[in-house]
Amino acid sequence: EPSPLVWVRGDVYEISNDICHSRRIKPDQGNVGILAVSPAAYIAYQYPNRSVVDIKQISVRTGDEASRVSTISHSHLGGEPPSLVLFSPDSRWLLFAREHYPVMRIFDVASGRLVHSLTTDTLTVVTACFSPDGRYIASSLDDCSVWLWDIDDLAGAGACIAVFTEHRDKVEHVLFSPDGGQLISGGDDGRVVIRGLRDMVKGYA
């Protein structure tokens, strides 16, 4: 299996089994903006003055660009580039969101096909994360709330199954515990909230 990739200040590094060794990987030449990196050696990035995001796979062995997997247009976000891009843990899905746009989009990495549109009313997404199994997404919004989404049904639009309102200021961080059973958030109000989802959300698996 490929070594894990780490994104540091716009560059991508391979971390080998020897924790003291790393190797810089460049996806292409020129002024390229790297948006997200997946553990399976997929990189989402864009060139200046292009209204698309390219998803390409990198050869971890050589550090060279191996192939273009798919291309996603900014038109899915009202013509503007995304401000938040995330791969799911299994590299199957790619999430797009942007400031002042009340919809998160989820795409199939292999085809670039739009599979979900998650509407947040009139609210802007601050940050988001996938659960370890890729079934759920947690997002913090600009009203200080945290929303939990179930995206398991590919035929549907994705469903918000819970809204949490413990914070009183902007929520900058959300993450799931390694087993997916807890959702943790940290806000500018100085609070860290840990939620037991299986106890708090009916049907959460």
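# A guided tour of the chain

Start by selecting the cysteines: the count of disulfides in this predicted model comes to zero. Two cysteines are worth a click while you are there. Cysteine 129 has a relative accessible area of 12%, so it counts as buried. Cysteine 160, with a relative accessible area of 32%, is partly exposed.

**The whole chain**

Now zoom out and switch on the cartoon view. The secondary structure comes to one helix and 18 strands. Of the 205 residues of the chain, 49% count as buried. How many of the contacts between residues at least 6 apart in sequence join residues at least 24 apart? The share is 37%.

**Colour by confidence**

Next, colour the chain by pLDDT. The mean for the chain is 80, and 75% of the residues reach 70 or more. Select residues 17-25, where the pLDDT is below 50; this stretch has 23 contacts in the model beyond near neighbours in sequence. Then select residues 5-10, where pLDDT also stays under 50. For residues 5-10 the model has 18 contacts beyond four places in sequence. Please look at these two stretches with some caution: where pLDDT is low, the predicted coordinates should not be read in detail.

**Strand 10 and its start**

Select valine 103 in strand 10, which covers residues 103-108. Is valine 103 buried or exposed? Its relative accessibility is 11%, under the 20% cut-off, so valine 103 counts as buried. Show the residues around valine 103 and, leaving aside those up to four places away in sequence, you will find that it touches Leu77, Phe96, Ser117, Leu118, Thr119 and Thr120.

Step back along the chain to histidine 100, in the loop between strand 9 (93-97) and strand 10. Histidine 100 is not a glycine, yet its phi is positive, at about 60°. With a relative accessible area of 68%, histidine 100 is exposed.

**Across to strand 11**

From valine 103, move to threonine 119, which sits in strand 11. These two residues are 16 apart in sequence, while their C-alpha atoms are 4.4 Å apart in space. What else does threonine 119 touch, not counting residues up to four places away in sequence? Alongside Val103, the list holds Pro102, Trp147 and Trp149. At 44% relative accessibility, threonine 119 counts as partly exposed.

Stay in strand 11 and select histidine 116. Draw a distance from its C-alpha to that of valine 103: the two are 13 residues apart along the chain and separated by 9.8 Å. Histidine 116 is buried, at 2% relative accessibility. Where does its side chain reach? Follow it to the backbone oxygen of isoleucine 151, at 3.1 Å.

Just past this strand, select aspartate 121, in the loop between strand 11 (114-119) and strand 12 (125-130). Aspartate 121 is another residue other than glycine with a positive phi, near 60°. Its relative accessibility is 54%, over the 50% cut-off, so aspartate 121 counts as exposed.

**The loop at serine 145**

Now go to serine 145, in the loop between strand 13 (136-141) and strand 14 (146-150). Is this loop residue buried or exposed? Serine 145 counts as buried because its relative accessibility is 2%, which is under 20%. Show side chains here, and you can trace a polar contact of 3.0 Å between serine 145 and tryptophan 147. Not counting residues up to four places away in sequence, serine 145 touches Ser139, Ser140, Val163, Phe164 and Thr165. Tryptophan 147 gives you a link back to the previous stop, since Trp147 was also among the residues that threonine 119 touches.

**Last stop: the rings**

Keep phenylalanine 164 on screen, as it is one of the residues that serine 145 touches. Which residue lies over the face of phenylalanine 164? Select arginine 195, which is 4.8 Å from the ring centre. To finish, display the aromatic side chains across the chain: the count comes to three aromatic pairs. If you want to describe one of them yourself, a pair of aromatic rings is described by the distance of the centres and the angle of the planes.

Key. Residues numbered from 1 in each chain as written. Heavy atoms only, no water. Disulfide = S-S within 2.5 Å. Buried < 20%, exposed > 50% of the residue type's maximum accessible area, 1.4 Å probe, protein only. pLDDT = per-residue confidence, 0-100. Contact = heavy atoms within 4.5 Å. Phe/Tyr/Trp six-rings, centres within 6.5 Å; stacked < 30°, edge-to-face > 60°. Lys NZ or Arg CZ within 6 Å of the ring centre and 35° of its normal. Helix = DSSP H or I, 4+ residues; strand = E, 2+ residues; numbered from the N terminus. Polar contact = N/O pair within 3.5 Å; in protein donor to acceptor, adjacent residues only side chain to side chain.
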